[in-house]
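Please open the structure in your viewer and keep the sequence panel beside it, since this tour moves from one selection to the next and says at each stop what is there.

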Amino acid sequence: MKYLFAAVMLASAVVGFSEAASAAGGCGPGWYRGAYGGCRPMRGAVVVRPGPVVVAPPVVVVPRARVCPYGFRWWGGRCRPI
């Protein structure tokens, strides 16, 4: 009984892996299944040309000056009264 079970498992594994080989829909290498079910040839290689390189000028960010109201000064990370 265990030999029969092993043979059935081996046969199912072989059948399972053979289905993965027909991934092209049964059309073969270089062909694919079209919209209406027919086999159509794949196009050639698609070549994409890179676009132009645009270099922007560097952006310099200058922190704005701390402005405290009259009677205060900037000290210790905040405006404090004098």
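Select C27 to begin: is C27 buried or exposed? With a relative accessible area of 15%, C27 is buried, because buried means under 20% relative accessible area. Please keep in mind throughout that this is a predicted model, and that the values given at each stop are computed from it.

**The whole chain**

Colour the chain by secondary structure, and you should find one helix and four strands, which run in the order α-β-β-β-β from the N terminus on. Now show the surface of the chain, whose accessible area comes to about 8,200 Å², with 67% of that belonging to carbon and sulfur atoms. How much of the chain is buried? Buried residues make up 4% of the 82 residues, and C27, where you started, is one that counts as buried. If you look at the contacts in the chain with a separation of 6 or more, residues 24 or more positions apart account for 0% of them.

**The first disulfide stop**

Return to C27 and add C39 to the selection, and you will see a disulfide that joins the two, with a distance of 2.2 Å from S to S. C27 lies in the loop between α1 (2-21) and β1 (31-33), while C39 lies in strand β2 (residues 39-41), so the pair ties together parts that are twelve residues apart in sequence. The torsion about the S-S bond of C27 and C39 is about -80 degrees, so this disulfide is left-handed. Whereas C27 is buried, C39 is partly exposed, with a relative accessible area of 39%.

**The second disulfide stop**

Next select C68 and C79, which form a disulfide with their sulfur atoms 2.1 Å apart. C68 is found in the loop between β2 and β3 (72-75), and C79 in strand β4 (residues 78-81), so the pair ties together parts that are eleven residues apart in sequence. Here the torsion about the S-S bond is about -85 degrees, so the disulfide of C68 and C79 is left-handed. C79 counts as partly exposed, at 30% relative accessibility. The count for the chain comes to two disulfides, and they follow the pattern 1-2, 3-4 when the bonded cysteines are counted along the chain.

**The start of the chain**

Move now to M1, which sits in the segment before α1 and is exposed, with a relative accessible area of 82%. Add L4 and V8 to the selection, and you have a nonpolar patch on the surface, in which M1, L4 and V8 together have about 380 Å² of accessible area.

**Colouring by confidence**

Finally, colour the model by pLDDT, for which the mean of the chain is 78, with 84% of its residues reaching 70 or more. Which elements have the lowest and the highest mean pLDDT? Among the elements of the chain, α1 has the lowest (67) and β4 the highest (88).

How values were computed: Residues are numbered from 1 along each chain as its sequence is written. This is a predicted model: local features need pLDDT of at least 70, side-chain atom pairs count only at pLDDT 80 or more; totals for chains, interfaces and linings use all residues. Side-chain values use heavy atoms; hydrogens and water are left out. Helices (H or I, at least four residues) and strands (E, at least two) are DSSP runs, numbered from the N terminus. Buried means under 20% relative accessible area, exposed over 50%, partly exposed in between (1.4 Å probe, protein chains only). Contact means heavy atoms within 4.5 Å. Accessible areas come from the Shrake-Rupley method with a 1.4 Å probe; for residues, only the protein chains shown count as cover. A disulfide is a pair of cysteine sulfur atoms within 2.5 Å. pLDDT is the predictor's confidence in each residue, from 0 to 100. Patches are made of residues with over 30% relative accessible area and no salt bridge: like charges are joined within 9 Å, nonpolar side chains (Val, Leu, Ile, Met, Phe, Trp, Tyr) within 5 Å. A salt bridge is a side-chain nitrogen of Lys or Arg within 4 Å of a carboxyl oxygen of Asp or Glu.
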